[in-house]
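Me: I'd like a close look at a single part of this model, please. Could you take me through one strand and what surrounds it?

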Amino acid sequence: EIILSGETHRFERTGNNTWMYHKAHRDKDNHHEHEKSQHSDKIAYMITGFGRARKERSFNFSFSDEYGVINPSIYLIVYSKPTDTEPKMKISVGDLAPDTVSRYISVDSRIFTIANFHIENIKNLIKDTKN
């Protein structure tokens with residue numbers, strides 16, 4: 001799940017192991033179809049790339065929020081399986097670093113930088129798949 005500016009976007013695997021953008025629906029719509037997305041390959045590419053993102057620098061957590069991770073506009077919530085109720089990992093995406101090519105993230109009370117293009121890829125994927 002990706003929470004971008006308060007809006008939730010969920011990418012999920014179908015029964016035949018292809019990716020789809022899981023549109024929000026009401027509980028009474030629990031018999032909706034889960035079909036392969038026309039963007040399945042793009043979703044898989046982005047998720048694989050983000051999973052391989054290299055942590056560049058590491059910092060101690062600071063409650064001053066000098067890195068923008070305490071109240072960010074982007075959260076990433078990673079589940080091992082779609083049926084899991086507890087996430088495997090929560091990532092807060094903070095500010096762009098002064099070098100303008102890195103982005104601060106918080107994982108398990110540690111601050112890291114990763115290449116910003118990973119976050120831009122996520123934003124572009126949401127824009128491409130949500131409509």
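In β7, which residue is the bridge partner of L96?

Reply: Happy to: the bridge partner of L96 in β7 is R103. Before going further, please keep in mind that this is a predicted model, in which local features need pLDDT of at least 70 and side-chain atom pairs count only at pLDDT 80 or more, while totals for chains, interfaces and linings use all residues. Residues are numbered from 1 along each chain as its sequence is written, and side-chain values use heavy atoms, with hydrogens and water left out.

Here is the setting. The protein chain has 2 helices and 8 strands, in the order β-β-β-α-β-β-β-β-β-α along the sequence. Those elements are DSSP runs numbered from the N terminus: H or I of at least four residues for helices, E of at least two for strands. Of the 131 residues in the chain, 37% are buried, meaning under 20% relative accessible area with a 1.4 Å probe, protein chains only.

Now to β7 itself, which spans residues 102-107. This strand is mostly covered, with 6 of its 6 residues buried. In a regular strand the side chains alternate between the two faces of the sheet. In β7, S102, Y104 and S106 point one way and R103, I105 and V107 the other way.

The strand has a partner on the N-terminal side and another on the C-terminal side of the sequence. β6 and β7 pair in the antiparallel sense over 4 bridges; pairing here requires DSSP to find at least two bridges between the strands. The two form a hairpin with 5 residues between them, and T100 in the turn has a positive phi of about 65 degrees. β7 is also joined to β8 (residues 110-115), by 6 antiparallel bridges, with S106 opposite I111. That second hairpin has 2 residues between its strands, and D108 in the turn has a positive phi of about 50 degrees.

Following the pairing outward from β6 (residues 89-96), you reach β5, joined to β6 by 5 antiparallel bridges, where Y75 stands opposite S92. β5 (residues 74-78) is in turn joined to β1 (residues 2-4) by 3 antiparallel bridges, with L4 opposite I74.

β7 also contributes to the largest pocket, whose volume is about 850 Å³. For this, a 1 Å grid is laid over the protein atoms alone, and a pocket is an open set of points with protein on both sides within 12 Å along at least five of seven lines; lining residues have an atom within 4 Å of a point. Points are joined across faces, edges and corners, and the volume is the space filled by probe spheres set on them. The lining holds 29 residues, with I47, F50, I77, V78 and Y79 nearest the centre. Elements giving two or more residues to this lining are β2 (7-13), α1 (40-51), β5, β6 and β7, and α1 gives the most, with 6 residues. By class, the lining has 19 nonpolar, 3 polar and 7 charged residues; Ala, Val, Leu, Ile, Met, Phe, Trp, Tyr, Cys and Pro count as nonpolar, Asp, Glu, Lys and Arg as charged, and the others, Gly among them, as polar.

Methods. Buried < 20%, exposed > 50% of the residue type's maximum accessible area, 1.4 Å probe, protein only. 1 Å grid on protein atoms, 1.4 Å probe; cavity = no way out; pocket = protein on both sides within 12 Å on 5 of 7 lines; lining within 4 Å.
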